Amino acid sequence: MFEIVERPAQRIAGSFWEGTFVEAADGAVRRLIAEMQEHHLRLHPKDHPTLVGLSWNDRPDGFRYLVGFVSETAETTRHPGYVDLPAMRFVSVMHHPGDADVFAHYQHMFDWIASEGLAVDTSRLHYREEYEPGFVSLSLSSLRLMIPIG
């Protein structure tokens, strides 16, 4: 079910969002994902890469989130930004429509990490999510959930 995957050093470029868990549940992150998909299709109509979401839970009522693509340059978006990441290892699983709540899925991942004697490494980010091209919503689309490990 869970697997250990590696991602090479890469720049994730896109748009930053910061807000509360309530705002995210009300669709703020979904709207940003849709905006990034539309932006990328306007600039690159034949290119359908995986959209990447990086999250930092660095505030008590919410989090920061970067939605973007692997890129050598920063995207010219409304809230442009990028993060340069070193090569990293993650525990990963696909989350499909009909699966339990995403937060419950993450909790199962944390339990598995502990049972395997692995250590979570949040020194660079807390979560990475990879959205399939054409992602619409959790109820209609799949995404890869990823937790960084040392």
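**Figure 1. Phe-135 and its aromatic partner in the predicted model.** Phe-135 is buried, with a relative accessible area of 6%. The ring of Phe-135 forms an aromatic pair with that of Tyr-131. The geometry is edge-to-face, at 4.7 Å centre to centre and 70° between the planes. Tyr-131 has a relative accessible area of 4% and is likewise buried. A search of the whole structure gives eight aromatic pairs. Elsewhere, one aromatic cluster is made up of Trp-17, Phe-21, Phe-63 and Tyr-65.

**Figure 2. Ser-141 in the loop between β7 and β8.** With a relative accessibility of 10%, Ser-141 counts as buried, the cut-off for this class being under 20%. Phe-135 is one of the residues in contact with Ser-141 once neighbours within four places in sequence are left aside. The other contacts under that condition are His-95, Pro-97, Gly-134 and Val-136.

**Figure 3. Strand β8 and the strands that pair with it.** β8 covers residues 143–149, and seven of its seven residues are buried, so the strand is largely enclosed by the rest of the structure. In a regular strand the side chains alternate between the two faces of the sheet. In β8, Leu-143, Leu-145, Ile-147 and Ile-149 point one way. Arg-144, Met-146 and Pro-148 point the other way, and these residues too are buried. Strand β6 (residues 88–95) pairs with β8 in the antiparallel sense over seven bridges. Strand β7 (residues 127–131) also pairs with β8 in the antiparallel sense, over four bridges. Arg-144 of β8 can be used to locate both pairings: Met-94 stands opposite Arg-144, and so does Glu-130.

**Figure 4. Helix α3 and its buried face.** α3 (residues 102–115) has 14 residues. From its first C-alpha to its last the helix reaches 20 Å, close to the 20 Å expected at 1.5 Å a residue. Val-102, His-105, Tyr-106, Met-109 and Ile-113 are the buried residues of α3. Seen down the axis, these buried residues fall within an arc of 100°, so they line one face of the helix. An α-helix has 3.6 residues a turn, so residues three or four places apart point the same way. The buried residues of α3 pack against β6, β7 and β8. Phe-103, Ala-114 and Ser-115, on the other side of α3, are exposed.

**Figure 5. The two ends of α3.** At the start of the helix, a side-chain oxygen of Asp-101 comes to within 2.9 Å of the backbone nitrogen of Phe-103. Gly-117 follows α3 and has a positive phi, near 75°.

**Figure 6. The surroundings of Leu-51 in strand β3.** The strand comprises residues 51–59. Leu-51 counts as buried at 2% relative accessibility. Residues up to four places away in sequence are not counted in the contacts described here. Leu-51 touches Ile-33, Met-36 and Gln-37, among others. Its contacts also include Val-67, Gly-68 and Phe-69, as well as Glu-129, Glu-130 and Tyr-131. Two of these residues appear in earlier views: Glu-130 stands opposite Arg-144 in β8, and Tyr-131 forms the edge-to-face pair with Phe-135. His-40 lies eleven residues from Leu-51 along the chain, and the C-alpha atoms of the two are separated by 9.8 Å.

Notes
Residues numbered from 1 in each chain as written. Predicted model: local features only at pLDDT ≥ 70, side-chain atom pairs only at ≥ 80, totals over all residues. Heavy atoms only, no water. Buried < 20%, exposed > 50% of the residue type's maximum accessible area, 1.4 Å probe, protein only. Pairing = 2+ DSSP bridges. Expected span 1.5 Å × (residues − 1). Arc of directions from axis to C-beta. Contact = heavy atoms within 4.5 Å. Polar contact = N/O pair within 3.5 Å; in protein donor to acceptor, adjacent residues only side chain to side chain. Phe/Tyr/Trp six-rings, centres within 6.5 Å; stacked < 30°, edge-to-face > 60°.
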